[in-house]
Structures are given as C-alpha cells and as structure tokens.
Amino acid sequence: MTNNAAKFLYPLAIIASLAVAYCMMNGLMVIAAALAFIPLFLVLVCLAFTNKLWGFLLLFTLNYFIPVLGNYVYDAPLGLLMDGAIAFNILVIICSYLTSKPNFHVLTGDLIVVVLIWGIYCAFELFNPHMLSMNAWLSSMRNMAIYFVMVIILVQLSVKDMHQVKQVLAVWSVLVIISGLKAMYQKYVGFTAGDRHFLYDMDGQVTHIIYYGIRYFSIFSDAANFGGSMGMALTVFLIVGFHEKKAVLKFYWWFVAAMACYGMFISGTRSALPAPVAGIMLYLVLVRDFRKMVPIAIMLAFVVGMLAFTTIGESNSTIRRARTVFHHEEDASYIVRKENQAKLREIMATMPYGNSLGMSAGRARNYGDYSALTEIPTDSWYVQLWVETGVVGVVLYFLVMGYIFIKSGIVIFFRLKDPEVKGIAAGLLSGVVGLFVMSSNNEVFTQFPNGVIVYTLIGLVFMAPEFDRQALERKNGIVHHS
C-alpha cells in the first residue's frame, strides 16, 4: 500500500473508531459493527487494485452476509450491494488491463455460451404475458442468470492457479466456521435481535420452532438454506482434505467439514442429507482411487444403512427426522408436496413459458398476482423454476446444467492427470451436484449465498484443465509465463 493511501486511511481509521465508540455507548450495535469494518473494507479495496483476486474475495464474502443483513436492515435493496460489488470487480479488471496484457484466453467459452443461452431465455421472460412487475422479474433474473454469467467470468479472470483456488477455499472455510459458530450461539446462548425479527416479525417460528425442537438457521435466510449450504461445504472440504499434502491443512479442511456437518444436522433440514451423499458418491466415481473409495464407501454405506434400515438413534429428534428421507410414505410433508405438485400440473398445463420470473407462490402476491397459482407453495427449486419459466424453461435449464455436469465429469474422469487438481476439481463439482440434488426438495440452489458459491465452483471446475497443465509443467521443470 502506498504512503499516500496510508495517509488517507490512518485519520479515517481514527474517525471511524470514535464513531464506533459513540454508537456502542448508545446501543447502536449494528451501526457500530458496520463502521468498524470501514477501514478494513477500504484496505481491501486498495489491495484489489494490486491483485484482482482480492476484489473477487470481497464480492464472495459480501455475498455470504447478505441474508443476515436482511434481518437487521429491513426492506433494504440488498441486491444492489451485490450489483455494486460486481461493478467494482469489473472496474478492477479493466484497470488491471491498463498495465498488463488481458488474459481472456482463460475464459471457458463453451461454459459462458451455454449460460448466456439460459440468460437470454430468462431475459425474454420479461415479455411473458403473465408478467406483472419489472421488480419481480429483475429480482429473480439476478440470481437465476445475471450472477450466473458474471460470477463465472469474474472468477475465471481473477483466479490464475491452484494456489489461488485454495485462497478462495480458505475464505469460504472461514465463512463456514462463522456460520457454525453462529448456529452454536443460537443453540446454546440464544437468539439475537435480528434472529428474533426473522422468527417473530416475519413468522419464521412457524417452520423453525416446531414440535420436535428448534431448527437453527445461523446467518442464513432460513434453516433449509443453512442446511443445504453446509451440506455442500461438508462435501467440498471433506474431499479437499483427502487431497491436501500438508498435514496441518488436511486436518484444518476436515475440521471445517466437521463444522459444516454439525451445522447441517442442527439445521433440522432432513433434505440436506442427500447433498453430501450424492456428492460423495459422484466423487467416488470421478477419482477412481480405490484406496479412498473403499473407506469412504464403507462410511457412507454405514450412515445410509443405519438411517434407512435400522432404528438406531431413534430417540434423537435430529436422527429421527433425518431418517424420514428414506421413508417417504411416513413423511406427511412429502405427501403434501406431491399433492401440491398435482395441483400445479393442472394449472401449468396452459402455461408453457411459466408465470414469469419472480411470480411464483406467495411471493407473487407481493407484485399483485392473486391467482390460484400463488396459493400453492413451490417447496423446491425445480418446482419454482417450473412455475416461473414453464416446462420450456425447465427443459432448457436442465440441458444447460446437464452440459455443465457431464462436460466437467468427462474432463475430470479422462483428462486431468495431476492428482491434486483432479481431486479438488472432483470435490468442487461434487459439492455443486450434491446441492443440485437437494434442490429437488428445497429452493436453495440460487438463494443467497449459495448461488454465487455454486457459480464460483463451476467457474473453477471449468478452469481445471489449465491448472492441470500448470501442475504438469511444474513437475517437468517448465517455467510458464502467463
């Protein structure tokens, strides 16, 4: 950092410190916390102009805290924060190319093209005759398509090697630990003012304080979102730990996985269990490493077998609830979901392009739609997609995601040679696929913060051949100048 920057930041830090002290003495804790982060935020902004990765990590971190900010800053357009962070990253990249050669060659064109096709379809939903609100369309368009395209481009232009991939994972790991600690605070200490706002002012207690106990949601928008995100993190960090060479880091990654596992279970989200199960099963296929496959398969078979075929731990409400995943006929909520989907099938028969983006379930009522469609909860990402984009949109989306998953799987299975790159790429893809499978029962795939995390992991997986080439060149003693 330059001396001029330091001269600017030091007095600002003093002023911010005095403002923080004043706010704390007057009980304005949220404002105090925000002010306390201003100097750090400015330092990170300055660093971003010297290293593009810092700018992306700033965006990645901000995205993670969007849900909890919503519990303290009511009705604020928090999506604009993400828009601003993306615009800032674009500015950083443009500025970096004023002094260095652009590295557009690292962009994976096929991935960007298929995602753009999906984005164009979503854009045309603006002309859907059922569209009643530009705000509804824009709100849904952000997470469904705009962030999908932009995050992939930004992460691929910001991350240049496997060392920086691990830096992204390191930041994510800290966020996972913070999430786990916050959930533990809720469980063993109590709820904060923001938590109580969600539970009692926004009626969150209906689904989170129920007959068998409390479903903890940490800093997320709800327990399902928290459980799903932790299931994805569990998958990724468990697998990354298997491929880490340094013992200290190996156990650190596994500690993060354990924290994510704990968070997933205390979220009370039974549908989160398929995320790590599906993810780890995919990983076992991709890596073809029998030394790892055998112990993991045994552990996985034990857990699934215990839940599916025994009554072990039935006295524990968390285990009892998780067990219902394997016994749908005994699950009242599953039966209700199937009944709701049957009702939707009748209504959607005449709406091949859906009800337009943002116009599904109760959220559509906020934009003036009071049709029978809005009285039926969607209950899953797939059903939400079906209601908002129609059967045409669902088919297109599954073609896009199918291409992403199949192409990534083929590359990992056949092309990657370096064991670490292959293992980490398999872990990232497995985490995304696991969450995608879970999304058949919950609307978590594109919610904050999962959407940006998913798009980041997809962007990195498609860069794996480049990282593999770099690793092989290092092994062969070839110096590569990017």
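How far apart should the ends of α19 be, given its 13 residues at 1.5 Å a residue? The model in front of you is a predicted one, and this helix is a good place to start reading it. The expected span of a helix is 1.5 Å times one less than its number of residues, so the 13 residues of α19 should cover 18 Å, and the C-alpha atoms at its two ends do lie 18 Å apart, in agreement with that expectation. The helix runs from residue 450 to residue 462, and 13 of its 13 residues are buried, which is to say that α19 is mostly covered.

Just before this helix, the chain has a feature that deserves a careful look. Phe448 and Pro449 are joined by a cis peptide bond, with an omega of about -5°, and Pro449 itself sits in the loop between α18 and α19. As a rule, most peptide bonds are trans, and most residues other than glycine have a negative phi.

The helix α19 also leads us to an enclosed space inside the protein. The structure contains three cavities of 30 Å³ or more, and the second largest of them holds about 40 Å³ of space. Around this second largest cavity stand Met162, Val165, Val421, Ile424, Ala425, Leu428, Leu460, Val461, Ala464 and Phe467. Four helices each supply at least two residues of this lining, namely α8 (162–188), α18 (419–438), α19 (450–462) and α20 (464–475), and it is α18 that gives the most, with four residues. If you sort the lining residues of this cavity by chemical character, you find 10 nonpolar, no polar and no charged.

From the cavity we can turn to single residues in other parts of the chain, beginning with three serines. Ser158 belongs to helix α7, which covers residues 134–158, and its relative accessible area of 5% places Ser158 among buried residues, because buried means under 20%. The side chain of Ser158 reaches back to the backbone oxygen of Leu154, at a distance of 2.7 Å. In general, an α-helix has 3.6 residues a turn, so residues three or four places apart point the same way.

The other two serines lie in loops, and both have an unusual backbone angle to examine. Ser218, in the loop between β2 (213–214) and α11 (223–242), has a positive phi of about 55° although it is not a glycine. Ser356, found in the loop between α16 (332–348) and α17 (381–415), likewise has a positive phi, here of about 85°, and it is not a glycine either. Ser218 is buried, with a relative accessible area of 1%, and Ser356 counts as buried at 0% relative accessibility.

Distances between C-alpha atoms show how parts of the chain that are separated in sequence come to lie in space. Glu244, in the loop between α11 and α12 (247–266), is 176 residues away from Glu420 in sequence, yet the C-alpha atoms of Glu244 and Glu420 are 7.4 Å apart. Although glutamate is counted as a charged residue, Glu244 has a relative accessibility of 5% and therefore counts as buried. A second pair involves helix α17, where Val391 lies: Val391 and Tyr353 are 38 residues apart in sequence and 6.5 Å apart in space, C-alpha to C-alpha. A third pair starts in strand β1 (residues 209–210), the place of Ile209, whose C-alpha atom is separated by 8.4 Å from that of Leu199, 10 residues away along the chain. Val391 counts as partly exposed at 46% relative accessibility, and Ile209 is also partly exposed, at 34%.

Finally, what does a search of the whole structure find when it looks for disulfides? It finds zero, where a disulfide would be a pair of cysteine sulfur atoms within 2.5 Å. Two cysteines can still be compared by their surroundings: Cys95 counts as partly exposed, since its relative accessibility is 28%, whereas Cys122 is buried, with a relative accessible area of 0%.

Definitions and conventions. Residues numbered from 1 in each chain as written. Predicted model: local features only at pLDDT ≥ 70, side-chain atom pairs only at ≥ 80, totals over all residues. Heavy atoms only, no water. Buried < 20%, exposed > 50% of the residue type's maximum accessible area, 1.4 Å probe, protein only. 1 Å grid on protein atoms, 1.4 Å probe; cavity = no way out; pocket = protein on both sides within 12 Å on 5 of 7 lines; lining within 4 Å. Points joined across faces, edges and corners; volume = space filled by probe spheres on them. Polar contact = N/O pair within 3.5 Å; in protein donor to acceptor, adjacent residues only side chain to side chain.
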